[in-house]
Amino acid sequence: MALLSPFMDALRPPAFHRTWNKREPGKVVAKRAADLPDMTALPIRALMPDLPPTIWSEDALLGPTSLDEVRRQAQARAEAIDWSKIQPGRMVNLIANPHGLQLCGEAYVTMLEVIAAHVKETRGAKVRLRIAESMGHIENPDWVKIYRLEERFGEVEECPQMGAGTKVDTRLGEMYVTKKLFDAPYFIHTHVTEMREGYLHRMLDRLMKPFGMAYARLESRSAYHFGFGPRTGQIVSRCIFESDFIQDRYVATMVLDTTSEGVASVEADNDLKALDRRLAAGIMRNYGMAIKILGEIEDCVVVFDDHGCGVYCYAGGIAFDNMLCADVDFMDLDNLSLLAAERHDSAEPGLTMGKNNAIKGIVINYMAGGVPQPFLWDNYPVHVVGDTVNRWMLNDPSNYHFDRAKAPVWPTLDEAVTAACRDGGTDNVIVFDRTPGAFRVSRKLAQHLLDRAPAVRDKVDNVYLPKWLRQRGLTP
């Protein structure tokens with residue numbers, strides 16, 4: 001694929017969807033941050049020219065939008081999997097993740113369709129779709145309706161983590177998984193490989209992460225969130241996956257291997273550990289540059305303009321949590337820093353991460369609720385656009401402490417950004433609006449990142465990546 005020339009002003013953010021709790025952010029948000037003066041889109045490929053080509057991208061400016069190659073590769077992988085564990089006539093839960101629906105849309109649904117059809121045809125089994133919903137479930141887009149999942153799959157159920165649980169005996173003691181995800185004799189695990197919450201999983205057993213998060217009931221998910229250090233952060237997920245309860249039901253895994261631009265390939269295996277090891281080096285290589293370039297931002301205002309809940313708003317294919325921790329190399333397993341859950345002003349220097357001093361202010365044009373984020377409201381000046389969005393924030397049960405931000409409410413996005421930049425002493429803006437394949441930034445900041453890219457790329461290729469791979473016993 002030819003190098004995309006900076007800057008890509010024509011690249012647009014995805015449209016807002018109606019949410020599960022019937023909110024209409026598309027009707028409330030008067031102006032997208034992409035339409036602010038002097039904004040542009042800086043392609044990740046301009047920063048990292050050797051980014052693998054995609055087989056599917058959400059936007060034709062980034063790659064092919066046809067689903068044919070996704071379907072072909074998913075079928076080939078399905079045919080290579082051993083499905084013999086599944087007995088004819090028995091029920092199989094095909095477990096989907098809302099992050100896959102959010103980031104890869106129809107490509108992810110296509111993969112799910114191929115799996116379901118193949119298992120039904122070759123094993124004579126019944127397949128039902130189970131969506132492992134997140135904490136902020138009610139504020140997620142209504143994926144079932146958006147992608148017509150009931151029409152395409154038949155039986156579909158969204159399974160939030162506050163539902164009934166099933167006790168699982170693990171090497172760590174009793175843990176709980178969401179009952180309806182595992183109430184069939186068999187299940188199939190699906191995922192996408194994007195870099196999310198790297199400060200927790202540290203790219204160790206990355207593909208097992210949902211077993212301690214999306215698939216776990218709230219109390220076990222909370223245990224995962226404590227984090228146990230750079231080499232044991234995945235211990236909850238790993239122990240749940242390795243439990244007899246899960247292993248008795250587990251059949252196989254299929255994933256979309258992604259980059260900032262979209263889907264690079266479809267991969268699958270019966271052996272989840274083997275699949276994880278096979279993909280880990282590529283994930284770190286494909287996302288390492290995008291993560292590290294964020295550490296080159298010296299000062300900026302952040303704008304949330306996405307369906308994500310703050311730390312899970314996306315830019316350039318990666319979540320805001322990567323920027324929040326950009327001043328710490330959380331991929332280095334010798335780094336003992338842990339995520340600070342609350343305040344940072346009394347934290348031991350070097351032992352916490354999650355407060356990036358380059359961030360001079362946050363503007364909320366729109367973001368979802370559902371995840372507690374006092375570390376944002378307590379540590380950064382916050383500005384809100386419009387009374388409706390402000391009311392949604394104040395009424396979010398997970399962020400009852402939002403009023404501590406004492407955020408001024410501005411009638412327009414332009415006024416909010418102007419005030420945030422003035423108060424923060426910066427004219428640099430970065431927007432998290434889920435634009436794939438590019439950072440939505442002010443033009444001056446885009447040029448700064450472009451200028452810094454060669455040195456950062458050299459350090460990623462020759463210092464960071466070799467160390468990350470060596471620490472994990474992976475081949476460069």
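Select strand 18 (429-432) and strand 19 (438-442): these two pair in the antiparallel sense over two bridges. Strands here are DSSP E runs of at least two residues and helices are H or I runs of at least four, numbered from the N terminus; two strands pair if DSSP finds at least two bridges between them. This is a predicted model, in which local features need pLDDT of at least 70, side-chain atom pairs count only at pLDDT 80 or more, and totals for chains, interfaces and linings use all residues. Residues are numbered from 1 along each chain as its sequence is written, and side-chain values use heavy atoms, leaving out hydrogens and water.

Within this pair, Ile-430 stands opposite Val-441 of strand 19.

Now show the whole sheet. Its seven strands form an open, mixed sheet in the order 1-19-18-10-15-16-17. The edges are strand 1 and strand 17 (409-410), each pairing on one side only.

Next, select helix 16, residues 443-471. At Ala-453 the helix bends by about 45 degrees (the angle between axes fitted to the seven residues ending there and the seven starting there), and Pro-454 follows within four residues. Ala-453 is also one of the buried residues of helix 16, which include Leu-449, Val-456 and Trp-468; buried means under 20% relative accessible area, with a 1.4 Å probe and protein chains only. Their cover includes strand 1, strand 18, strand 19 and helix 11 (272-294), where contact means heavy atoms within 4.5 Å. After helix 16, find Gly-473, whose phi is positive, near 70 degrees.

Last, pick Cys-104, which is buried at 3% relative accessible area.

Definitions and conventions: Buried < 20%, exposed > 50% of the residue type's maximum accessible area, 1.4 Å probe, protein only.
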